[in-house]
Amino acid sequence: MAVRHSPLAVILATSALLLAACESSGTVHPPATPTQPPGLTTTAVVQSSGTNALLAGGGTTTTTFAFPGASVGVGSTLTLTASTQAPALAATRRAPQSMTTFLEYVTVVSSAAVTFNGTPALTFVLPSADVNAAATYTLQLLNSNSPGSGFVTIATGTLSGSTLTFPAGTTPFSIPATPAFVVFGLALTVPGPSPSPSPSPSPSPSGSPSPTPSPSPTPTPGTNIVDASTPYLTFAGPSASPQAVSISEQTGAPLTESDTCTTGSVTIVAVTPGGTTTPAQNLLNVTVTPQAVGTCSFTYKDAAGNSATVGVTVSNPAPIVIQ
């Protein structure tokens, strides 16, 4: 006699088989897409004459950006997100001293690569809990294309009441196209306690006193030992004008240049000076000249392993259409 099965029994049996197959083989989930911490967000369109953006109403501070005129990427859209939580990349390297606290992070994403004629001027209106007349406020910058360089100090703020201002810079400043991004960090450094005076040692009854060795140069607290004035450069094409970058080395040690900008016979940009150079007054002026379309980076490192990396993109210029 033939055995008849009800439709419901067939459906339940099939579902059980499928569930058992998934459990035995393991369900594979795609990796989660990294996201920035939630926060207050605004957008702004890049203008050749200057671009302003306001973040207010939902964070611990009110933040105003005043970007200077743009030479590359006019018409692109900037998305700015303010948060008290650090993006994942921001944890790679921070200001070295324990007395430094980041009050706010502003992540900036651009729909296309943008180059401004300088770093932006910023104004923060701080809550009373963050106002400290004895503290030092610094504006720091991190680029997702060179996370190893960590946060780079680009300006020191001036506090008036609860209003904190940072001046605009004159060195060209670039934001890479999404999915890359830059992060501005507002850092507060409070002075540490003064050390207790050590008692003077009693003079030795005999023998000549030992000479006191000269102290080694000490890096300034709150900044990286090797810093670049900008973490990223963008050129409109191989015939674009050269751009300048300043590399600082706090101890005055020689810096050695290395890069990924030459492959075979193709050189994307020429970086000078190359080799090993001792900065003049702890500052090395670098010239970057575009030669071919592509993306690369260059690094200046001292003998102790401290380094600063700058990413570079040379775009393919749009063809000229004659109508």
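**Aromatic cluster and nonpolar cores in a predicted model**

Phe65, Phe67, Phe116, Phe173 and Phe184 form one aromatic cluster in this predicted model.

Me: How many aromatic pairs does a search of the whole structure find?
Reply: The aromatic cluster includes Phe65 and Phe184. When the whole structure is searched for aromatic pairs, the total is 10.

Me: Is the aromatic pair of phenylalanine 65 and phenylalanine 67 stacked or edge-to-face?
Reply: A pair of aromatic rings is described by the distance of the centres and the angle of the planes. For phenylalanine 65 and phenylalanine 67, the centres are 5.5 Å apart and the planes differ by 15 degrees. Planes under 30 degrees apart count as stacked. The pair of phenylalanine 65 and phenylalanine 67 is therefore stacked.

Me: Why is the pair of phenylalanine 298 and tyrosine 300 classed as it is?
Reply: Both phenylalanine 298 and tyrosine 300 are buried. Their ring centres lie 6.2 Å apart, with 85 degrees between the planes. Because an angle over 60 degrees has its own class, the pair is edge-to-face.

Me: Does phenylalanine 65 count as buried or exposed?
Reply: Buried means under 20% relative accessible area. Phenylalanine 67, at 3% relative accessibility, falls under that cut-off. Phenylalanine 65 has 0% relative accessibility, and so counts as buried.

Me: Which strand gives the largest share of the largest nonpolar core?
Reply: This core has 31 residues, of which Phe65, Leu80, Phe116, Phe166 and Phe184 touch the most other members. Its largest share is 4 residues, and these come from strand E14 (residues 182–189).

Me: How many residues make up the other core, which includes Val245 and Val314?
Reply: This core lies apart from the largest one, and Val271 and Val286 are also among its members. Its residues number 21.

Me: Leaving aside neighbours within four places in sequence, with which residues is phenylalanine 65 in contact?
Reply: Phenylalanine 65 belongs to the largest nonpolar core. With those sequence neighbours left aside, its contacts are Thr51, Asn52, Ala53, Leu55, Leu80, Val106, Pro120, Ala121, Leu122 and Phe184.

Me: Where is proline 179, which a cis peptide bond joins to threonine 178?
Reply: Most peptide bonds are trans. The bond between threonine 178 and proline 179 is cis, with omega about 15 degrees. Proline 179 is placed in the loop between strand E13 (173–175) and E14.

Me: What is omega for the cis peptide bond of threonine 272 and proline 273?
Reply: Proline 273 lies in the loop between strand E21 (269–272) and strand E22 (276–277). For the cis bond joining threonine 272 to proline 273, omega is about 5 degrees.

Terms used. Residues numbered from 1 in each chain as written. Predicted model: local features only at pLDDT ≥ 70, side-chain atom pairs only at ≥ 80, totals over all residues. Heavy atoms only, no water. Core = buried A, V, L, I, M, F, W, Y, C linked by side-chain atoms within 4.5 Å. Buried < 20%, exposed > 50% of the residue type's maximum accessible area, 1.4 Å probe, protein only. Helix = DSSP H or I, 4+ residues; strand = E, 2+ residues; numbered from the N terminus. Contact = heavy atoms within 4.5 Å. Phe/Tyr/Trp six-rings, centres within 6.5 Å; stacked < 30°, edge-to-face > 60°.
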